[in-house]
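Here is a short note to read beside the model. Please go through the points in order.

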Amino acid sequence: QVQLVESGGGSVQPGGSLTLSCIASGILGVVFGDSTVGWYRQAPGKQREWVAGFPNGRSRNYADSVKGRFTTSRDIAKTTLALQMLNLKPEDTAVYYCHIRSSRTNHEYWGQGTRVTVSA
């Protein structure tokens, strides 16, 4: 069973930075490497939205709202995912979720989420 565990959330002031981490267990690196992996977020009262990731294991991609400020990276051998967030804005406040859609089974897996709060 694939399990995802996020960490790194917290409270920062506007303009601050945070780095989120996600550890995936129960998945082989070779599968992790060509699966769709990435980050979503859900702000209070809003729907969950995609933020950044590696669609089908290919080149990383970003939502327009975070381009130039967020950077996602992965370590295929360690099956980990990271999201570096710079110049955070109040509108980035949300619970951030790690997500995988397995290239082998097409099953989706979600982490428990980590909260990011950006306020003065």
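1. A charge sits over a ring if NZ of Lys or CZ of Arg is within 6 Å of the ring centre and within 35 degrees of the ring normal. Arg74 fits: its charged end is over the ring of Phe54, 4.2 Å from the centre. Arg48 lies over the face of Tyr97, 3.8 Å from that ring centre.

2. This model is predicted; local features need pLDDT of at least 70, side-chain atom pairs need 80 or more, and totals for chains, interfaces and linings use all residues. Numbering runs from 1 along each chain as its sequence is written, and side-chain values use heavy atoms, without hydrogens and water.

3. Rings of Phe, Tyr and Trp (its six-membered ring) pair if their centres lie within 6.5 Å; planes under 30 degrees apart are stacked, over 60 edge-to-face, the rest tilted. The structure holds two aromatic pairs. Tyr40 and Trp110 are edge-to-face, at 4.9 Å and 65°. They sit 70 residues apart, in strands E4 and E10. Strands (E, at least two residues) are DSSP runs, numbered from the N terminus.

4. Trp110 is partly exposed, at 33%. Tyr97 and Trp110 have ring centres 6.4 Å apart and planes at 85°, so this pair is edge-to-face. Tyr40, Tyr97 and Trp110 form one aromatic cluster. Tyr97 is buried, at 13% relative accessibility. Buried means under 20% relative accessible area, exposed over 50%, partly exposed in between (1.4 Å probe, protein chains only).

5. Strands E7 and E8 run antiparallel, joined by six bridges. Strands pair if DSSP finds at least two bridges between them. Ser73 stands opposite Ala82 in E8.

Note on methods. Helices (H or I, at least four residues) and strands (E, at least two) are DSSP runs, numbered from the N terminus.
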